[in-house]
Each structure stands twice: as C-alpha cells, then as structure tokens.
Amino acid sequence: MTVVGLSRKIILTLMILAIKHLPDFVQGLYPRDSPTREVKCLDGIWRFRLSESYDPEQGIEEEWFNDDLSNKGPTIQMPVPSSYNDITTNSSLRDHVGGVWYDRKFYVPLSWADKSVWIRFSSVHYRALVWINGNEAVQHEIGHLPFEAEITNFCNFGEENRVTVLVNNILTQTTIPQGSLVSVTTDSGSRIDQRYTFDFFNYAGIHRSVHLYCTPRTRIVDVILTTDFNGDTGILRYVVTTSTNDNPVVLVQIYNADDNIVAVNTEPANEQSTLEVPNVQLWWPYLMHTQPGYLYKMEVFLSTESTRNIDVYHLKFGFRSIRWDATSFLINEKPIYFRGFGRHEDSDIRGKGLDLALLTKDYDLLRWIGANCYRTSHYPYSEEAMDFADEAGIMIIDECSSVNTENYSENLLEQHKNAIEELFVRDRNHPCIVMWSIANEARTSANGANSYFQRLADFTRTLDPTRPITMSIAVSPSRDQTGQHLDIISVNRYRGWYESPGQLDTITNGIVNEMIEWNSKYGKPVIMSEYGADTIEGLHIIPEFVWSEEYQVALFSRYFEAFDILRSQHDFFIGEFVWNFADFKTEQMVTRVGGNKKGVFTRNRQPKAAAHHLRRRYFELGKKMDNATLPDDLYPYITDTTFFCQA
C-alpha cells in the first residue's frame, strides 16, 4: 500500500477519527512550560517497598495508599526514573515477581489553585495503579508508554501532597509482551517465577520521568500534524483539539530554526487547517544533507469569545514526505537505504531507567558510526529519545512491545491494538518515525497468525496511512503466513551463529537466496532487520572462532558481501540492521555470559573491533549513495602509498 492518490485531507481525517475512543489517560502532548502552563518534575528519590510474595494483595488490603509507606513498614530509597532490579545487592529484589510500592511527597503551588492539575508518568512497567492523597487517580497497563490523570480535586494547594504507586511486573498470555507464571519448588518451599520467551531482562519499575503540571481549565487538548511539500513550499495540515465549545479559535505561528516567524494562520479550533511555509527546509536523514534533522517550531495560541490567548502550547516538527512501492522506500522522493541497528534501552545499575547522559552518548555513537536509523526493539523508547532522533536526523522504525507473540486470542488482539494505538498517539508528530513495527519474531507460522496479523495490520493503517507497516519475521519464507499484510518485509536471520555456528562459508549465498525468496513470495521491499554474533570484549582468537572479536568482524564481512550482491543485482533490498548496538542484560541462562553480547559496543559503550569495521562500511555507503563526506579518521595512516577502499 502507498499513499499515492490518497489526499492528505482524507489521511488527517482518518487519523483524527481513529483516536476518538481513546481513554482519558492517553494524551499526545508532552508536558511543556509555556506562558499558560507550568511543569514540575517529580524525579528523584522515592520511598519503596515490596509486597510480600506470599501475600500479593497485602498492600491493597492494608490500604498502604492511605498513609506514608514508611508508616506501614520498612522502606528503602529508590531512584526515579530507574528499574528497581539492580539497585540493591538483594537477589530477591532483582528477581521479584509481583507488586512493589513507591511514594513521595510534593507541593502544589497556591498559584495553581485556579488551574487544572495533572500528573503524568512517561513509563511504568508493567501495570500501574496511582493514588493521590489516598484517592485512586489512574490505572494503566502496557509498559513503555505514557499515561496521565487530572488530579485537581485531589490536591491540597499550597500544602504537602502524597503520590503512591503500585507497580506490578507480572506478564500473562494476554499482556504485551506475553509471559507466564510457574511454581518452583525450592529449599524453603514453593516460589512463583515469571517465565517469558523474549531475550532481554524483564526490568520493572518507574522507568521514565514523572511530571506534575498545570493547564488552564480551558485548554489545548491535542495537536495532530501531517506534512508535505510542493516544490519550495512546505504544506502543514493540522487540527488543534480543545476542551471548550466557546467558539474556540487558534492562532498558529511557525518559526524556523533561526527562531524567525515564517508563517502565521488563524482558524477555528477542532477543524482541519492548512498552512504553507515558503522556502521550506526539509527534514533529511543523517548523511543525506548538510543540515539533517531540520526542525520548525509550531506555537499555538487558543482564544475563546471571552478570553484571548487562554492557553499556549508549542512543539517541534519537520517537513518531509514518505512514499513506498514494491521495491523502494523514499523520503522527500529520494530512495533510502537503511544503515542501522537493533537497540535496547539497557544499561548497568539503572536497567531501563531513563538516563539523559547515556542517551546523549548513544546518539553521539550513532553519528560516529555513520548509522542513519534504528529500530526500537522491542518496545517504545523514551520520548526524549524520539526528540534526539528528530534533531539528529536518525530515522526510527517504531516498534510496539509485542515480542515472540503466540497463543493468539481475541483478548490478546485487543491489548495488542491498544499498545499500537497508544504508541501512535504518542509518536505520530515526530518526523523521525518512518515506519511502524507491529511485532518482533511472532510465531507467524502458527495457527491463527494469518488472521491475527491481518486484523492488526488493517487496524494500524486506520490509525496512520502515511507510514508503512512492518514486523521482524524469524521463520522461513515457506512457513510464514503474514508477509502479505505488511508493506515492508523485515527478516531476522543468524546464519553463522544460531544456524551453522562457526561456518562462515554458509552465510553469503544463503542470505542472498533467502532474501530473493522473500521478495519473490510477497513482491515487497526487504530489510535484514537482525543479524550478528555474540562477542566477548577482548577475546582474540586466530583463526577466527565463535565468541571472539575476530569472528564478529569476519561474520559481518560475509553479510556485507551478501548485502552488496543484493543491492547491486536486485532493487528490492533496502536496508541492513546489526543486532545489536550494545550488549544488554538477559535472564540467567547458560547460553548467555552476563547477558547478550552481540553489541558492537559493550554495555558501557566502548567499541569492539566490529564497531570500527562497521563504521567504515556505513560511511562508505553514505558516500556512495548520498555523497556524504568521509570522516578524516575513518582510515588510519599506515604508509604514504596506502590508499584504502576509496573506489
């Protein structure tokens, strides 16, 4: 499917109608200070305690939410945001299954008394139940996605308030992702364990920032954008929804990157509007333009018949178009070849907790290595990460938290749809988001997979017809039942590692032939969405041997050769994604040495030999395809007659 022939006005209408039924706790606007809004961050040290494993309902039954947690029993300090698992030396906390409790105090300023007050959690894994001063405020499930609640009626203005959060990490066969509970017999009795099939640690806790913010009682509720261009003119189509029926009007001002106003428009709120920007600067991916990631700022002023500029909100956006067909993916009508990674939000001590220093480092490494994209494997990443990608020109395949999906059911499908819909509402305005991934390594040969993913893909298209749909497939082309429902075929394959480990001479032709088979079956563009080999930092073996740095480099070279054959002889192969950007933690297993070691960077972001190898490839591809400039340090000097890879 492409968007050719489908008017942008119709597209915007579909996007608006698709989210009419969302629950109140799902909102698309990130909390931002403005002349009419104030934001307080509640990050910091909270109080924390476990529910007893033998009595998971204890905290509810004893109403821990009605008093300070410290008055209900012993507590410890817990940083927010972070995963709680690795903060202490206690293995029972690291491996805890069930509920944990957080609380902290905060003040609501007297100046907010005539405002609406909101609390917003950017991510809690997996289920959350929130109380304000003992009053239940909101419930949410699906980790990695934000939720919020208006708490005006629960607040004590000018006084101390308390927020209490119950977090439950249990996964079932109808959660996204799935899991199961089993009883394990131990030396001291039985214990409930969480089992899951995905290959990363089931970190839990309040993973991202918590914000308290206020808005006017009459407010801007949402801003929905689509962009295009016609020659040198940028075309912005938008709808600003509001909380009032008092004949609301919105003034929109567009600023360029130099903070100069380049366009102004005034239209009724809650209606589709169009604004044109002359001499538009397009949003381009990294290495495709001298100024990648060009962003404009949209400032929205809401007025009613009785009050002028009653609310003000601003957000950044970029002008770019996306189009795809049977062989290509194009941004701004230029074909794209994806050069990227699968990644994880994962680091030592903090687990999946948001860390802005680490995030900044990761984006610096992405630019250093010459990548133009990554996939948010296998769940939505932080909103801050999406902002970084917008600014850096890094394309994102945005993946919902469906991993190794199986045992298809109606209840699972509804939860899966909810996960995709909440992801869409959060990320739809980001220019970096170029594709939706609806699952990773689902059991696509199993009974029920065909109907399940047909319905899921159709639902996703009702949300957003402007971006293609993919998912990473792990089965063979002959066994897959789902590719016909996708726009882009993404394939995870580990020749030379899980399949024929150590046999490098089985890789190149096998990959070429299989990618041709995928395209022959479905007639769609194909991406290698995962390939790689576990590698222990500092392990050197000649000739190359599994787990050594030499083996990872040699394996990459065999895949590179396959990719170049596909690129030069076939027009359907559009991208390559290494698994993985950096090493990450997994559950305990004898096939993992402290976690998954397929990263080209270590868990603390130091390069293995493969990182330098990959860097040269990615920049050389950028030069060949997009005329990118090679870094001065790409090839180290050896002799005055040595000239490397400049053909």
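An unreviewed UniProt entry annotates residues 327–619 as "domain: Glycoside hydrolase family 2 catalytic". In this predicted model, the C-alpha atoms at the two ends of that span lie 23 Å apart. Helix makes up 35% of residues 327–619, and strand makes up 16%.

The protein chain is divided into three parts, listed below by residue range.

| Part | Residues |
|---|---|
| domain 1 | 22–169 + 204–215 |
| domain 2 | 220–317 |
| domain 3 | 322–626 |

The rest of this report concerns domain 1 and domain 3. Their C-alpha centres are 33 Å apart. Each side supplies 25 residues to the contact, 25 from domain 1 and 25 from domain 3.

About 2,000 Å² of area is buried between domain 1 and domain 3. Carbon and sulfur atoms give 53% of this area. On the side of domain 1, the residues that lose the most area to domain 3 are His 144, Leu 145 and Arg 208. Together these residues account for 27% of what that side buries.

The interface also holds charged and polar pairs. Three salt bridges are found across the interface of domain 1 and domain 3. Arg 120 forms a salt bridge with Glu 383, and the closest N and O atoms of this pair are 2.7 Å apart. Between domain 1 and domain 3, ten residue pairs are in polar contact, counting pairs with both residues at pLDDT 80 or more. On the side of domain 1 that touches domain 3, ten residues are nonpolar, nine are polar and six are charged.

Key: Residues numbered from 1 in each chain as written. Predicted model: local features only at pLDDT ≥ 70, side-chain atom pairs only at ≥ 80, totals over all residues. Heavy atoms only, no water. Domains from an automatic or database assignment. Contact = heavy atoms within 4.5 Å. Buried area = accessible area lost by both parts, 1.4 Å probe. Salt bridge = Lys/Arg side-chain N within 4 Å of Asp/Glu carboxyl O. Polar contact = N/O pair within 3.5 Å; in protein donor to acceptor, adjacent residues only side chain to side chain. Nonpolar A, V, L, I, M, F, W, Y, C, P; charged D, E, K, R; others polar. UniProt positions renumbered as here; feature names shortened; annotations may be inferred. Helix = DSSP H or I, 4+ residues; strand = E, 2+ residues; numbered from the N terminus.
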